[in-house]
Every structure is written in structure tokens, then in C-alpha cells.
Protein chains: 2
Amino acid sequence: MNALSEASAVETLRWRDGRLELIDQRALPARLEYASCTSAAEVAEAIRSMVVRGAPAIGCAAAFGVALEARREQHRTRAEFSAAMDAAFATLAASRPTAVNLFWALERMRSELAAHRGDAKAAAARLAEAALAIFRADLETNRAIGRAGMKHVPDGARILTHCNTGALATAGHGTALGVVRSARDAGKRISVIASETRPYLQGARLTAWELIRGRIPVTLITDNAAGHLMSRGKVDMVIVGADRIAANGDVANKIGTYPLAVLALRHRIPFYVAAPLSTIDLRTANGKAIPIEERSAAEVTGYAGARWAPEGVEVANPAFDITPAGLVSALFTERGVVKRPNAGKIRRLFKR
Amino acid sequence: MNALSEASAVETLRWRDGRLELIDQRALPARLEYASCTSAAEVAEAIRSMVVRGAPAIGCAAAFGVALEARREQHRTRAEFSAAMDAAFATLAASRPTAVNLFWALERMRSELAAHRGDAKAAAARLAEAALAIFRADLETNRAIGRAGMKHVPDGARILTHCNTGALATAGHGTALGVVRSARDAGKRISVIASETRPYLQGARLTAWELIRGRIPVTLITDNAAGHLMSRGKVDMVIVGADRIAANGDVANKIGTYPLAVLALRHRIPFYVAAPLSTIDLRTANGKAIPIEERSAAEVTGYAGARWAPEGVEVANPAFDITPAGLVSALFTERGVVKRPNAGKIRRLFKR
């Protein structure tokens, strides 16, 4: 990472013993401010209300949530501690349904707990270490994804991305935006087209903010404009992140990803997915089995103080869609690149 | 039209001798209020600033703009009148570039003027009549489009539409929404999925409002969600309007239309375009020759009082895109339906 990237680094999650500080992403880009959590319930609420979002960041936050709860409850009896921890896991698991990194992180934390359930104080200390390890590994993982993916990014590439997959969505560096960052840090003169990503506007609010801060050229568009730009030859590749990748390579990602993949196919533009192995869910056979979160109508009928839809209108607000593996040119992972992913190649990836 | 439709009718444009009243569509759905224009310059500004929008409504407004100017200037000398009218035509023609109905209406008004240029008072009276004739014909045209199109709408159909193509976009009834209205009035139990249509949110603000007012079931979605709903079998057909149709059948329409057509093809969902012949521009060979308006960055960086994109971000904001004729299942026009439109079929349509 060069000096520029260091200077512009964003601390999405900060662990202070007994407290997790999270950039309140609802306030960006107007205000950079932190929310503080001291219990699993507070972390779950921060995930649910999208103070923190992005599959890897959600996984890290959930791990810290478990650690916070263990710390709070470490002076209880063995039975009380055990019950409190079970409740904490349940609360965190119920916060959001689609991103699998959440369940992956909780499972790792549960294994740690299982090894120390007899001694609450030892468990609390160990769970804090385990959460920090997950957090630190995510940063390293993202840098490895960036190194693998950037080989597919030619000098001068105009990269379309969707939603936010940067430092704000991870422990740092980013997945799809991590590839962008790595390519730029390697001296490639790339530029980004950021789709605004309705309804939550992560592209307009977060990706644009991160890229301006990182001095990477960015052009903001409405989601509707992606097809037009592709048809005019203004997009060289699409790189997106993922919330869950099924065993066959189908990708659940932010709503609006699937249309980009269909358009990219039509225009013979490579469509890449950058994600850590923790996003791949071998127990989910294919995209049809991935639960799609339905979020509130209020996200669609307006924004912040403004309401633009008429009162009483029915709304459908699926937060994710499924891109079939057949539309994915390659997966960029920390173990390298999987071209034209399918079930066999993904199984082999875990054995590399 | 049944009693329900009569009761819910929207008067988008109202001609009061010497004054054109327009629903200020920027204020909907919060407030139903009229803006008043008494000159061509005021009408041009109303078109530019989207007080009035929708290709047929823009055509009608421009015709009234010419009539207003003639009335204002009818007591001038012949030379002054002629110069004022030339300026009025130029101002109106420069208001927006893509919708061809604007130029079509101006051309018809120019022919009327040419026949009466010697007598300003007679010209003013004749131009007012001509504008009213264009307005009344548009309403009849839309009803004919509705009758033609509704034969392709089965009972129970779930119809995805984009932008606003209803009474607010026309002299009344609507084009794509006119087909919906005609189908409902014929007793078909249809429902509409309205895409919100960023950046200007005509779907969320105008289509949802019109349909609720007309008691037609409507579900509002983000533009990003259309692909997901199609992939889950929740869309039976797409019907959109058009701002300009080239001689070969390529369709310029609101940005985001082209992705819907590509998605519809993938899911074998019929993709219909409803438009009057005045939207077909035989002098434009194909979609590449249609000028695409680029609108202001402010439409993308926020809405009304709210700003969500960071300061200084670059924006691309094309207002229209081109759907190639090959993706259009059929055109619905006032002279009937043109399946799989191409240059030959469109030429023959004008001879029907």
C-alpha cells in the first residue's frame, strides 16, 4: 500500500476493549462519525439498521459483538454465561439474512466458545482475540484479493462497480474496490464508474466518498445509466462484491447486480466478482436457496427527510438478487482467480 | 372510458385563451398545483425545467406555446410578428432535444403559420385552433393506442412499466399507461409494477400517483429490482412509452428502458412500446442518430432538499437510452400493432 492509500485509510471498525466503534455509515458522506456498541444486542441493531454494512464488515462486527457480550457476562455463573452467549448468538444471527459472512464469523466464534465454555473469563479473553484475528485476517484477505484481481485490470480500464465494496464494507482495503485500489497502487491509470445503488445509495454515498478520498477518478451514475454507457463502449469491465456465493458459483449481491451481469454479457464486457472464501457457502447448493432479504418500504418511498412516493403505495424492496454463475467471468479470491466458476472449480478452490 | 376513469381524470394541460395552465409535475405527488404560461419563452422554460414532461405532453405544450406567442404579438407589424414567431419557434425547439413530438408539433404549427403569415390576427386565431386540434387529437390517439394494445394484455397480467406514460405525459389517457387503463376499463384484472425511474423519479412520483388515483393496483420498486422480479416469474410483460422511434424501429426512451428490454429478452417476457405516430421520426435512420440529452448533475447527487453524494463528485446523467428494434416485441400505435418492428413495417404503418 502506498503513502496515498495509508493517508486515506478508513477505519470502519475500531476495537476498544469493551467497546466496538463503528463509522455510522448512515451519516456519510455528510458526516464522518462513530457509533459505539457495548453489547451483542447493540451490534445486532447496528447491523440491522445499517450503521455497518457490507458482508465482510458485518462478519467482523458480529464477531466483535460476541466478544463484547462475553466480556459483559464473564462474571456470571457458568450456566448464566452459557445462556447469555446462546442468546447473543441468536440475536446476532437474526440481524440480517443474506450475507453469509455473518454466519461464518458466528460459527468461528462458537467453536472458540465451545473450547472455553467452562471458564467464562478465559472464554471472554479468547473470544476478543478471535474477533481481532477475524478482523485482521479480513484486511490481509482483501489485499490478497486485490493482488489476484488486479492482473485482470489493464492500464486505462474504466471499471463499473455497484454498491460499496471498499474499506467501508470490510475490515479495510475492500473487495471489488480493493482490486481497484491495488490496480491503482500498482501504477495502473484506472477510473471507476459508480452506480448510485438505490435504494440505499451506497454507491453515491459511500463508494464516491471513498474514491474521492483515495484520489481515484470516479464518475457517479444512476443505476439506470449503466446499460447506456455499456452500449456506447464506455465500460471496460464490471467488478462487484458478493454477499453470498453458492456452492455452484451463483452470486447473491446487492439488488441491481444481476441486471449489470446480463448487460455485461450482451456487450461482451467481463463481469468479475471479488470476494473472500468466507463469502462462499458450500452448504447452499445454488442461488435459489439463498434467502433474499426484503427491506422496508421507507427505503424506496423517499430518502432521509424527503418523501417522493404517494402515501399508501405498495412497495416491493428486495435487497439482493442472484447472478447465475454462468454470467460470472471470474471470481477474484484470496486464493487466486477462478475463471468461469462452477461447483467443481469452487470445491477445488477450498483445497488449494 | 368508465365512470371511475372520468372521475380520476387528470388535466395535465389546460388552455385558457391567452394562458396555458400546466400541472407543475415537479410538485407531485405532494401538491397538485398549476403553473401558468403566457409566452413561448415561459412554455420553453416549463419544458426545460420539467414542469411538463412526457413526449406527447411536450408536443402539445410547444404547440400552445406558439399559439400564446402569436396572440401576444398579433398587433405588431407584419415584419415584427414574423420575427417574433421565428424567435418563438427557435426558443421552443431548443428546450429539450430527444423527444421528437416537440419538433413534430412545431412543424405542424409552422405550416399553419406559413398559410397565414400575412395577417397576424388571423394567424393568431388559427394557431390557437391548431394547438387545440393537436391536443384533442392526442387524447383520441391515446385511446386508440389503448384499444390496440390491450388485446395483448391477458386477464391477470402483471405489467412492468418505466417512467410515466400516463395522463401526465400526454393530453390524457396515456400511452403505455393508456394501454393499462384501457385493459382495466375492459374488465381485465391487471396490476402494475412501477419502477421508480431515477433520477427524476417519474415512476415513484407520477405513475404511482396516477395509478392510485385511478384505482389500478400498483407496486413501486427501485429500478434495480426489475431483474430480480423477472427472474422470480413476477412480471408478465413490460410496456413502456417512447420519446423518439427511429425509422428502423430503434426506441429512445427514458434512461433505464434498454436494461429492461435486455432483461425481458433473457426471461422471454414480451417487451412492448406504446407510442403515437408523432413519436416516430422517419428522418432519423436509427437509434445512433438520436441525440441523447445530458441533464444536470444535481438530479443525480440528491433530490429536492436532500443531497447524498459527496461534494465535487463527477456525474454522468444521460436522460435517455436506445433500445434496438430487435428487442421490441411489438409497437402499439393508433393505427394498430406492429409486431417485431423494422424499417419496412414502419414505412408501411404510415400508409395504413
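The exercises below work through the contacts between two domains and between two chains in a predicted model.

In this predicted model, local features need pLDDT of at least 70 and side-chain atom pairs count only at pLDDT 80 or more, while totals for chains, interfaces and linings use all residues. Residues are numbered from 1 along each chain as its sequence is written, chains are lettered from A in the order in which they are written, and side-chain values use heavy atoms, with hydrogens and water left out.

**Exercise 1. Describe how the two domains of chain A meet.**

Step 1. Begin with the division of chain A into domain 1 (13-142) and domain 2 (145-351), bounds that come from an automatic or database domain assignment. Taken over C-alpha atoms, the centres of the two domains are separated by 25 Å. Domain 1 of chain A brings 30 residues to the contact and domain 2 of chain A brings 39, where contact means heavy atoms within 4.5 Å.

Step 2. Turn to the buried area, which is the accessible area (1.4 Å probe) that two parts lose on being put together, summed over both. For the two domains of chain A this comes to about 2700 Å², with 53% of it on carbon and sulfur atoms. On the side of domain 1 of chain A, R53(A), T98(A) and N142(A) supply 25% of the area buried against domain 2, more than any other three residues.

Step 3. Look for salt bridges, each a side-chain nitrogen of Lys or Arg within 4 Å of a carboxyl oxygen of Asp or Glu. There are two between domain 1 and domain 2 of chain A. R96(A) forms a salt bridge with E293(A), and their closest N and O atoms are 2.9 Å apart.

Step 4. Assign the domain 1 side to its elements, given that helices (H or I, at least four residues) and strands (E, at least two) are DSSP runs numbered from the N terminus. Helix 3 (55-73), helix 5 (101-116) and helix 6 (120-150) of chain A each supply at least two residues to the side that touches domain 2 of chain A, and helix 6 of chain A gives the most, with five residues.

**Exercise 2. Describe the interface of chain B and chain A.**

Step 1. Count the residues and the area: 52 residues of chain B are in contact with 52 residues of chain A, and the area buried between the chains is about 4100 Å², of which carbon and sulfur atoms give 68%.

Step 2. Search for salt bridges across the interface, where the rule finds two. R198(B) forms a salt bridge with E196(A), with the closest N and O atoms 2.6 Å apart.

**Exercise 3. Trace the strand pairing that joins the chains.**

Step 1. Take strands as paired if DSSP finds at least two bridges between them. Strand 6 (residues 218-221) of chain A and strand 14 of chain B run parallel and are joined by two bridges, with T219(A) opposite E314(B).

Step 2. Examine the reciprocal chain labels: strand 14 (residues 314-315) of chain A pairs in the parallel sense with strand 6 of chain B over two bridges, and E314(A) stands opposite T219(B).

Step 3. Place the pairing in its sheet, an open sheet of eight strands with mixed pairing and the order 17(A)-16(A)-10(A)-7(A)-4(A)-5(A)-6(A)-14(B). Strand 17 (336-339) of chain A and strand 14 of chain B stand at the edges, each with a single partner strand, so one side of each is left without a neighbour in the sheet.
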